Amino acid sequence: MDEKTAREKEIDAWLPITSSRNAKWWYSAFHNVTAMVGAGVLSLPYAMAQLGWGPGVVILVLSWIITLYTLWQMVEMHEMVPGKRFDRYHELGQHAFGEKLGLYIVVPQQLIVEVGVCIVYMVTGGKSLKKFHELACEDCKPIKLTYFIMIFASVHFVLSHLPNFNSISGVSLAAAVMSLSYSTIAWSASVAKGVQENVEYGYKAKSAAGTVFNFFSALGEVAFAYAGHNVVLEIQATIPSTTDKPSKGPMWKGVVVAYIVVALCYFPVALVGYWMFGNTVDDNILVTLKKPVWLIATANLFVVIHVIGSYQIYAMPVFDMMETLLVKKMNFRPNWFLRFVVRNFYVAATMFVGMTFPFFGGLLAFFGGFAFAPTTYFLPCVIWLKIYKPRRYSLSWWTNWICIVFGIFLMVLSPIGGLRTIIIQAKDYKFYS
């Protein structure tokens, strides 16, 4: 038994999530901002154009409130069993649904989200680099998007070897600052441009079916914008905890700061962008804003820096899962060579998929509904009901059921719209062009 515990302790001290537990509350703030305010914020005006003023504002505000509530639940549940910490999302799932069922419910969804985000960010990083290159050097020969994705990936072949969450805190802080910066550039440059002539706020699609499908697709884009829950327990695992001072105190403080920043980024970009450009806005607001050239080029560069940090935040739990499987189940030795191979393989795989399928908007909506809605909007509520069993028809019971219904509504509808967008874009697509 002693040998077994010693080995488990040695493995825990090596794995990325549990190896370092000395984070401060502000680490939680900027990790959460980096995880949450993704490049998805730039597609919010486009989502608003597909939703329309009324439904768009309602869904944006509802999503902000519901996801803050479900995030609070996860922070609370991290240490609900005295003397034990649920350091990973699937550990919480296993506690609620049982050893096997918990794994089957949580791990596939969490992996779809994290790997999906990494792929989408490969595409976003490549596209923003390409845009920066075009704006900064107008006379240069155009370079394929494929090469820009490779350039973006080359950074991750280096950064992915940082051992744990605390070691990427510098990258994460830079990314959080950048997200606030490019969001501010996006809405302030829109204000400077003013409301466009002949601006229209009606739906873009000519047919009723097109309007409905676009509406579904936009729901997925909003769901994608609130995706930080998939890494929240892993972030909390890095904060020290004692019986007098549990980790939920500093973690919640960081989450509140992060959510204020999220509101400062999301609402102005979504509302101002749609107000100024109406339904002619592109699926990335920086593409619509063509001038002043130097400012838009800078914003694209900021997006690249932010997406570098965000990719790392989402990749870390995947590294943890892969390394846990290899070391605990397959009995590989926990050493630098294993880590080197695993992480390089993962970066190469996400780069390859990103280069092959760069349908940015459609991918957002498809992944957004398929896996983001469950893990963000209603899985925490289901676990809460299962563990705490609040009294039927009490406030807690009603709140959780409303979130569950809203989340299922998102999960079912948005992949339909996303899949249609991918099919339409794929018609004219040539591989690796």
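1. The loop between helix 15 and helix 16 contains Tyr393, a residue whose phi is near 70 degrees, which is a positive value in a residue other than glycine. With a relative accessible area of 53%, Tyr393 is exposed, since exposed is taken as over 50%. The model under review is a predicted one, and a backbone angle of this kind deserves to be read with that in mind.

2. Lys389 is found in the loop between helix 15, residues 360-388, and helix 16, residues 395-427. Phi of Lys389 is near 45 degrees, again a positive value in a residue other than glycine, and Lys389 is exposed, with a relative accessible area of 61%. As background to both loop residues, most residues other than glycine have a negative phi.

3. Turning to the chain as a whole, its secondary structure comprises 16 helices and zero strands. The radius of gyration of the chain is 21 Å, close to the 22 Å that the globule rule gives for 433 residues, so the chain is as compact as a globular protein of that length. Along the principal axes, the C-alpha trace spans about 75 × 55 × 35 Å.

4. Of the 433 residues in the chain, 56% are buried. Among the contacts with a separation of 6 or more, 85% are accounted for by residues 24 or more positions apart. The accessible surface of the chain comes to about 18,500 Å², and carbon and sulfur atoms hold 69% of that surface. As for charge, there are 34 positive and 24 negative side chains, and the centres of these two sets lie 3 Å apart.

5. Arg343 belongs to helix 14, which runs over residues 336-356, and it counts as buried because its relative accessibility is 0%, where the cut-off for buried is under 20%. What does the side chain of Arg343 reach at 2.7 Å? The partner is the backbone oxygen of Leu162. Not counting residues up to four places away in sequence, Arg343 touches Pro16, Ser160, His161, Leu162, Pro163, Met316, Phe319 and Glu323, so that Leu162 appears both in this list and as the polar partner.

6. Met322 lies in helix 13, which covers residues 293-329, and Met322 is partly exposed, with a relative accessible area of 22%. Leaving out residues up to four places away in sequence, the residues that Met322 touches are Val342, Phe345 and Tyr346. By contrast with those touching residues, Thr67 stands 255 residues from Met322 along the chain, and the two C-alpha atoms are separated by 28 Å.

7. Phe332 is found in the loop between helix 13 and helix 14, and Phe332 is partly exposed, with a relative accessible area of 40%. When its neighbours within four places in sequence are left aside, Phe332 is in contact with Arg7, Leu326, Val327 and Leu338.

8. Gly54 lies in helix 4, residues 53-77, and counts as partly exposed at 45% relative accessibility. Gly54 and Ala23 are 31 residues apart in sequence, and their C-alpha atoms are 41 Å apart in space.

Notes:
Residues are numbered from 1 along each chain as its sequence is written. This is a predicted model: local features need pLDDT of at least 70, side-chain atom pairs count only at pLDDT 80 or more; totals for chains, interfaces and linings use all residues. Side-chain values use heavy atoms; hydrogens and water are left out. Helices (H or I, at least four residues) and strands (E, at least two) are DSSP runs, numbered from the N terminus. Buried means under 20% relative accessible area, exposed over 50%, partly exposed in between (1.4 Å probe, protein chains only). A polar contact is a pair of N or O atoms within 3.5 Å; within protein, one must be able to donate a hydrogen and the other to accept it, and residues adjacent in sequence count only if both atoms are side-chain atoms. Contact means heavy atoms within 4.5 Å. The radius of gyration is taken over C-alpha atoms; the globule rule is 2.2 Å times the number of residues to the power 0.38. Accessible areas come from the Shrake-Rupley method with a 1.4 Å probe; for residues, only the protein chains shown count as cover. Lys and Arg count as positive and Asp and Glu as negative; His and the chain ends are not counted. The place of a charge is taken as NZ of Lys, CZ of Arg, CG of Asp or CD of Glu.
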